[in-house]
Amino acid sequence: MIDLVDEKSSYISNFAEFERSMNGRHPWLASLRKDALARFEALGLPTTRDEQWRFTNISPIAGTAFRPADPKPDSLTVADISSYTLCEARCTQLVFLNGSYSENLSTVKFLPKGVRIISLAKALETDRELLEPLLLNSLSEDDAFRALNTAFMSDGAFVYLPPGTTVKEPIHLLFLSSSRTDPTASFPRNIIVLDEGSQADIVESYAGLDRGIYFTDSVTQVLIGPNCSVGHYKLQRESPSSFHLTTLHVVQDRDSSYSSHSVSLGGAITRNNFNVVLNGSGADCELNGLYVTKGHQHVDNHTTIDHAMPNCTSRELYKGILDENSTGVFNGRVVVRKDAQKSNARQTNKNLLLSRHAGINTTPQLEIFADDVKCAHGATIGQLNEEELFYLRSRGIDRDAARTLLTYAFASEMLAAIKIKPIQCQIDLVLMNRLSRHETTRGLP
C-alpha cells in the first residue's frame, strides 16, 4: 500500500518553495492558499474506499513525487503548435505552457468594448475586486485535488464579458504540457464570467507536447448571468503517460443557456468532475461527453446537475468507446430540489466495448424532492452489431474497416453536436486516426 503521508509531505514541501517564489504578492491570496493546503492535509488523497472514488484507483498519482512545473521558455513558435490551435477560426487564443501564460504564442484579436480575456496572473493585479469574492466564496474545498489546485494557484485564464456583449469568434484557452525529466504538476485556474445578456463560445484544450509523465490538476469556474448563452467545449488529448484531473463548476442565472461538450482521448488516468447549478428560473443546460480509451487507460466522468430553481431544463448524453484493457466510469447525478417544480431532466449514458477485457461502471442517478417534474435516465453497454458487420463485409469492406466505420458512426452523434467547425475537424481527425490504428478484433468472435 502506498504511504500517502509521504506524498502529502512532498506537496507540503513544494508549497513552501512555491510560496517563496510568489515573493509576497497578493497577501489575501496567500492566506487562501494556506487554508487550501491545510484542507488538503486534512482530507488526504482519495482511495477506492471513498464512495466517489471506488472505481478509480489513483495509486499511480499518489505514488509519484511531482514537482510544480517550471514555466518553459518561449522557444516554441506558433508553427510548432499549429496542430493544437484554432487558426482557421481567427479567434482570440491564450496559450499556456505547463500552466503559465505564454504571450509570444497567444493571439488577442479586436474585442468588443469592456471584454477582458487575459491571464489570471495579470487579472489578479488588475481585477481583484471582481476575482476576490469568486475565489473566496464560490468553491468549498471538499475535494483534495480541488484544494490542491487552490493551494498552488498562480495562473490560468480570466474571461469577462460585460452586459449585452457578444463575442462572435470562439475564445480558445490552450494548455500545453511537457515533462522530459522529472514528473511535474501544473494547476491552472480559469475564471469565466458572463454578465447579463452576453454570448460567447469558450474552448478549453489540454494536450501533451511529448510522452513525459506529468499531472494536470485544473479548475474552471463559470458564472453565467441572466439571459446569457454559452457554448463550452473541452478537448483533452494529454500524453498517454500523463494524469488529468479537472473540476468544472458552473452557476447559471435565470433564462440562461449553457451547452457543454467534453471529449476525452488522452491520459493514463482522467477524472472529469462537472458540476452545474441551475440557480435561476428558466435556465437550460446541456451536457454532452465522448470518451475513447485503449491500452490501460482509465477515464472517470462524474457529473452533477442541480435543479435549484423551478422551470429549468437539463439534457445529458455521454458516450464511451472502450478498447483493449481500458476502463471507464460514468457517475451522473441529477438533483431536483423541493421547490424546483416543473423541472425537466433527461440523462443517458451509452457505452461500446470493443474488447472482452474493456470495462465500464455506469451509475446514472436521480434525486427528486419535487412532485411536478419530468425526469428520466438510462444507461446501455454493448458491442458492435454482428449483423451490421456482416452487411458491410458482404459489400466488399474488410472486417477491420467495417468495425472502424461502425465505431465512428457510434461517435458521430457527439461530433455533430459540436458547432465550431475547426474543433469538430480536429476531433474528427484524431478520432479517425485512433480508430483506424487500434485492433478491434482481439478477444471478440
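Two strands pair if DSSP finds at least two bridges between them. In this predicted model, strand β18 (residues 327-336) offers a good place to apply that rule, since 10 bridges join β18 to strand β20 (residues 359-368). The two strands run parallel, and within this pairing valine 335 has glutamate 367 of β20 as its bridge partner. Strand β18 also pairs with strand β16 (residues 298-307), again in parallel and through 10 bridges. Here histidine 302 finds its bridge partner in asparagine 331 of β18. As for solvent, β18 is mostly covered, with eight of its 10 residues buried.

A closer look at β16 is worthwhile at threonine 304, which belongs to that strand. Is threonine 304 buried or exposed? With a relative accessible area of 17%, against a limit of under 20% for a buried residue, threonine 304 counts as buried. Once neighbours within four places in sequence are set aside, the contacts of threonine 304 are Phe274, Asn275, Val276 and Arg333.

Attention can now turn to an open sheet. This sheet consists of 10 strands in the order β3-β2-β6-β9-β11-β13-β15-β17-β19-β21, with mixed pairing. Its edges are taken by β3 (100-107) and β21 (374-382); each has a single partner strand, so one side of each lacks a neighbour in the sheet. From one strand to the next, the twist averages 10 degrees. Strand β17 (residues 313-322) and strand β19 (residues 344-353) run parallel and are joined by 10 bridges. Asparagine 351 in β19 serves as the bridge partner of glycine 320. Helix α8 (residues 399-416) lies across β15 (284-293), β17 and β19, and runs at about 155 degrees to β17. There is also a charge-over-ring arrangement to point out: lysine 319 lies over the face of phenylalanine 410, at 4.6 Å from the ring centre.

Aromatic rings come next. A pair of aromatic rings is described by the distance of the centres and the angle of the planes. Searching the whole structure gives 11 aromatic pairs. One of them is formed by phenylalanine 66 and phenylalanine 243, an edge-to-face pair with 6.1 Å centre to centre and 85 degrees between the planes. Phenylalanine 66 lies in the loop between α3 (59-62) and β1 (67-68), while phenylalanine 243 is in strand β12 (residues 243-252), so the pair ties together parts that are 177 residues apart in sequence. Both phenylalanine 66 and phenylalanine 243 are buried.

Phenylalanine 96 and phenylalanine 175 make a stacked pair, with 4.6 Å centre to centre and 10 degrees between the planes. This pair links distant parts of the chain, 79 residues apart: phenylalanine 96 is in strand β2 (residues 92-97) and phenylalanine 175 in strand β6 (residues 171-177). The relative accessible area is 0% for phenylalanine 96, which is buried, and 4% for phenylalanine 175, which is buried too.

Which residues do ring pairs link into a cluster? The members are Phe15, Trp53, Phe66, Phe145, Phe152, Phe187, Phe215 and Phe243. One of these, tryptophan 53, also has a charged group over its ring: the charged end of arginine 271 sits there, 3.8 Å from the ring centre.

Definitions and conventions: Residues numbered from 1 in each chain as written. Predicted model: local features only at pLDDT ≥ 70, side-chain atom pairs only at ≥ 80, totals over all residues. Heavy atoms only, no water. Buried < 20%, exposed > 50% of the residue type's maximum accessible area, 1.4 Å probe, protein only. Helix = DSSP H or I, 4+ residues; strand = E, 2+ residues; numbered from the N terminus. Contact = heavy atoms within 4.5 Å. Axes fitted to C-alpha atoms, helices over the stretch in contact; angles between N-to-C directions. Phe/Tyr/Trp six-rings, centres within 6.5 Å; stacked < 30°, edge-to-face > 60°. Lys NZ or Arg CZ within 6 Å of the ring centre and 35° of its normal.
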